[in-house]
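User: Hey, can you walk me through this one? I'd like to start with charged pairs and then see where we end up.

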Amino acid sequence: MRRSTILALLLLVIIAQPCLSGWEVTRVHPVDADWSQLESISGRYASGRIEYTNGPPGVLAQAALYDVKTNTWSALDARDTYAKANSTQWAAGYLYTDYGLGNYRFDATAWPIGGGPARVLTPTGSIGSDAFAVSGSMVAGWSESAGKRHAYVWDMATGKQYDLHPEEAVAGSDIAGLDGTRAVGTLGLGAAAGTHAVLWNDVTKKTYVDLDPDTWPGRSKANALSGDSQVGYVHMDAALWHGTAESWVNLHPYHIPTANYSIAFGVYQNVQVGITHYAMPDGTGPTYASVWFGSAESFFDLHSLLEPGYYRNSRANDVGVAEDGTIYIVGYGAPANGGPAEALLWTYVVPEPGSLAALALGLAGLPFFRRPRGITCRWKPTTSSGRCPQHP
């Protein structure tokens, strides 16, 4: 094949699948925090939780918001809370109450992004609830009563609530992803049918679409959706759907012999994120943050962008794409020294047209590509030397 043809193909790969250039990863762990994690991103804000040694008395962790533009954190609540999702209007998760002697309770809670009091959402008569998804002013998750969890939606603008649990469900149901008035989650159809990934095209109605492809009946779950795309897993293989069970796409990177299982947690447009677990001879293995672009072959190991040896595991929870094409992926890494989790932000910046031309000239004389490895130091250094902890 002619060099010009090879070069054109390589540039096409770079443009269509941003895995060879343009990636940057930032450790956004707060300087004074003991533990941090990012779960969701929408616009300039990402949500999760942080833990401080010198935090409020009796509080394990606080729901928190991270501003991508200013690289700053702010606590959403002074109580023991966890933010699992956010839109540009609301963040939501749960309030944890410990009554002692092993008795505790979760209450779905929402926080206005612009500031204001938190709202506890547990319906009257429920023994607990949790929120996993937010879209605009809609919040979704589950509410439990009579020993069973029901998929539940709260409309923060109107005050209306919707119980989406269908009568035919033997076990519980929940909602993990929300986009406008559409939702995805899990429905327990009994011991034989198992747990199925499902799609609600209208959260004001209980009608749902069963996404389980019957390849491994009763072993599927849907975690997120964006537009006509839904993601999750089928029998521990990362999965992508487009509205029906028949549209199922297996994202698991079977071309990697050590890839053991995978799960997709987030999706935006044609970008899917999650984890891939790798099997080792001793029966253990690491779990690495992963990204796909619509197929198993498009898989890219986000963990490869981290400083070698610093993190033993990592996870990508959610993804957002800006108007200029910049990709933001949020999650966390677990340090190899056994330390607590640290929030991470992966960013892909689309190259300028002039940069692509310069890249083409530079690549013309190169025999091969190398994946970029490294971590950007954008936080206040925590070492006396003033250098990044990952770079002694």
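**Salt bridges, strands and a pocket**

Analyst: Sure. One place to begin is Arg105, which counts as partly exposed at 23% relative accessibility. Keep in mind that this is a predicted model.

User: What does Arg105 form a salt bridge with?

Analyst: With Asp107; their closest N and O atoms are 2.9 Å apart. Asp107 is buried, at a relative accessible area of 7%.

User: How many salt bridges does the structure hold?

Analyst: Six. Another one pairs Asp77 with Arg79, again with the closest N and O atoms 2.9 Å apart. Asp77 is buried, with a relative accessible area of 10%, while Arg79 counts as partly exposed at 35% relative accessibility.

User: Which salt bridge links distant parts of the chain?

Analyst: Arg27 with Glu342 does that. Arg27 sits in strand β1 (residues 23–27) and Glu342 in strand β28 (residues 342–348), 315 residues apart. The closest N and O atoms of this pair are 2.9 Å apart.

User: And is Arg27 buried or exposed?

Analyst: Buried, because its relative accessible area is 5% and the cut-off for buried is under 20%. Glu342 is buried too, at 7%.

User: OK, stay with β28. How many of its residues are buried?

Analyst: Seven of the seven, so β28 is largely enclosed by the rest of the structure. Glu342, Leu344, Trp346 and Tyr348 point one way from the strand, and Ala343, Leu345 and Thr347 point the other way.

User: Which way do β1 and β28 run relative to each other?

Analyst: Antiparallel, with five bridges joining β1 to β28. In that pairing, Thr26 stands opposite Leu345.

User: How many bridges are there between β27 and β28?

Analyst: Seven, and that pairing is antiparallel as well; β27 covers residues 327–335. Gly331 stands opposite Leu344 of β28. The two strands form a hairpin with six residues between them.

User: Which residue in that turn has a positive phi?

Analyst: Gly338, with a phi of about 90 degrees.

User: Remind me what holds paired strands together?

Analyst: Strands of a sheet pair through backbone hydrogen bonds, either parallel or antiparallel.

User: Changing topic: what's the strand order in the open sheet?

Analyst: That sheet has four strands in the order β22-β23-β24-β25, with antiparallel pairing. Its edge strands are β22 (259–268) and β25 (300–301), each pairing on one side only.

User: How many bridges join β24 to β25?

Analyst: Two, and the strands run antiparallel; β24 spans residues 287–292. Ser290 has Asp301 in β25 as its bridge partner.

User: Last topic, pockets. What volume does the largest one have?

Analyst: About 1200 Å³. It is lined by 46 residues, and the closest to its centre are Glu39, Ser40, Ala85, Phe132 and Asp318.

User: Which strands supply at least two residues of the lining?

Analyst: β2 (35–42), β6 (81–86), β10 (128–135), β14 (173–179), β18 (220–226), β22 and β26 (311–321). So that's where β22 comes up again: besides contributing to this lining, β22 is an edge strand of the open sheet.

User: What's the lining like by class?

Analyst: There are 20 nonpolar, 16 polar and ten charged residues in the lining of the largest pocket.

Notes. Residues are numbered from 1 along each chain as its sequence is written. This is a predicted model: local features need pLDDT of at least 70, side-chain atom pairs count only at pLDDT 80 or more; totals for chains, interfaces and linings use all residues. Side-chain values use heavy atoms; hydrogens and water are left out. Two strands pair if DSSP finds at least two bridges between them. A salt bridge is a side-chain nitrogen of Lys or Arg within 4 Å of a carboxyl oxygen of Asp or Glu. Buried means under 20% relative accessible area, exposed over 50%, partly exposed in between (1.4 Å probe, protein chains only). On a 1 Å grid over the protein atoms alone, a cavity is a set of points where a 1.4 Å probe fits but cannot get out, and a pocket is an open set with protein on both sides within 12 Å along at least five of seven lines; lining residues have an atom within 4 Å of a point. Grid points are joined across faces, edges and corners, and a volume is the space filled by probe spheres set on the points. Ala, Val, Leu, Ile, Met, Phe, Trp, Tyr, Cys and Pro count as nonpolar, Asp, Glu, Lys and Arg as charged, and the others, Gly among them, as polar.
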